[in-house]
Amino acid sequence: MYNLLFWISAQAILLWALGELSRDYRNKKAYKLVFLPSALFEGLLRLTACCFSSLRVKSVDFFEDDWPFAEEGTTQIPVLGPVAFLLMWLGGFYICFMLMATSIDSFSVHATTLPHVDPVVISTGVVKVDARAYLAGVDAFLAETDWGSPWVWFLIYWTVGCFPYFGLAFRHVRCGFLVVVLLAVVTFAANHFGVRAGFLSKGWFMTYWVLPEHFRVYSLFVTLLGWTVCAHIVGRLLRRLFALWGQRTAAHLEDDREARKFAHSHSV
């Protein structure tokens, strides 16, 4: 349970970082057209989550440049409204990814497993991360996936296109942090007092989430998210380097121009 909460927190941090990295272009009309299925899916899912969480919708305009397809506004239910919106918004995205990934036979979804990280053990000063098994799972995923299947490429295209739209703003991170803290407190208190019934019981939770088949799909989801964040960081660095190179080239050209003017004036 704590391992899953740790990776959900890591996922929230990655989505926040991706939201900051893609803020300049994810609402551009060109990006919407290139990733049209992703843009339509996220906009419709956002509208649905707003309706069921009592959030007002500020605007709906798909073809407006530098403007999201749909934007949520204020809520009639403080605290619980934004939390419900976040759960339905992100949860709907992951459920759709899970259903699509598990329905494609040529897509190896059961090869990757995130390293087990226990925050309780970390608090004692001991950190054990089995990165070798995780990297072996990534290699198995790359080897076992049929990269000749068009459905595999469509799933990756759709998922990578969706990630920037699901980038978290600070208000979303605050709601997500509240959800994680509440889950951790409730789970720890239930375990402390010996509560083993309902959704807090270990058997129920493992049956629907923590079993290797389900956690491996989530591991692949987080892995693709991490690769997308790394690609955006590399792209941002390359763009910064090209901008610096362009500025330096322009400065050199300006210096050469001034030097030629100076030489020409003295020759005359």
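**Figure 1. Close-up of Ser149 and its polar partner in the predicted model.** In this predicted model, the side chains of Ser149 and Ser106 are joined by a polar contact of 3.2 Å. Ser149 lies in the loop that runs between helix 6 and helix 7, and Ser149 is buried, its relative accessible area being 10%. Of the two helices that flank this loop, helix 6 covers residues 131–144 and helix 7 covers residues 150–165.

**Figure 2. Close-up of the loop residue Tyr25 and the residues around it.** Tyr25 is found in the loop between helix 1 and helix 2, the latter spanning residues 29–34, and with a relative accessible area of 25% Tyr25 counts as partly exposed. When neighbours within four places in sequence are left aside, Tyr25 is in contact with Tyr31 and His232, and the side chains of Tyr25 and His232 are also joined by a polar contact of 2.3 Å. The view also takes in Pro164, which is 139 residues from Tyr25 along the chain, while the C-alpha atoms of Tyr25 and Pro164 are separated by 9.3 Å.

**Figure 3. Close-up of the largest nonpolar core, with the surroundings of Phe107.** The largest nonpolar core holds 52 residues, of which Trp89, Phe93, Phe97, Phe107, Phe166 and Tyr218 touch the most other members. Helices that each supply at least two residues of this core include helix 1 (2–21), helix 3 (36–52), helix 4 (80–103), helix 8 (170–192) and helix 10 (212–267), and helix 6 and helix 7 do so as well. Nonpolar side chains tend to be buried together in soluble globular proteins. For Phe107, leaving aside neighbours within four places in sequence, the residues in contact are Ala101, Phe141, Thr145, Val152, Leu155, Ile156 and Leu220.

**Figure 4. Close-up of two cysteines, Cys51 and Cys96.** Why does the structure hold zero disulfides, if one asks about these two residues? The cysteine sulfur closest to that of Cys51 belongs to Cys50 and is 6.9 Å away, which is too far for a bond; a disulfide would need the two sulfur atoms within 2.5 Å. For Cys96 the closest cysteine sulfur is in Cys162, at 8.7 Å, so this pair too is too far for a bond. Cys51 is exposed, with a relative accessible area of 60%, whereas Cys96 is partly exposed, at 26%.

**Figure 5. The whole protein chain, with a close-up of its regions of lowest and highest confidence.** The protein chain has 10 helices and two strands, and from the N terminus on its elements follow the order α-α-α-β-β-α-α-α-α-α-α-α. Of the 268 residues in the protein chain, 35% are buried, and about 16,000 Å² of the chain is exposed, with carbon and sulfur atoms supplying 70% of that area. Among contacts in the protein chain with a separation of 6 or more, 77% are between residues 24 or more positions apart. The average pLDDT of the protein chain is 77, and 73% of the residues score at least 70. Confidence is highest in helix 7, at a mean of 91, and lowest in helix 9 (residues 202–210), at 49. Over residues 197–202 pLDDT stays under 50, and for this stretch the model has seven contacts beyond four places in sequence. Where pLDDT is low, the predicted coordinates should not be read in detail.

Conventions
Residues numbered from 1 in each chain as written. Predicted model: local features only at pLDDT ≥ 70, side-chain atom pairs only at ≥ 80, totals over all residues. Heavy atoms only, no water. Buried < 20%, exposed > 50% of the residue type's maximum accessible area, 1.4 Å probe, protein only. Core = buried A, V, L, I, M, F, W, Y, C linked by side-chain atoms within 4.5 Å. Helix = DSSP H or I, 4+ residues; strand = E, 2+ residues; numbered from the N terminus. Contact = heavy atoms within 4.5 Å. Polar contact = N/O pair within 3.5 Å; in protein donor to acceptor, adjacent residues only side chain to side chain. pLDDT = per-residue confidence, 0-100. Areas by Shrake-Rupley, 256 points an atom, 1.4 Å probe, with all protein chains shown as cover.
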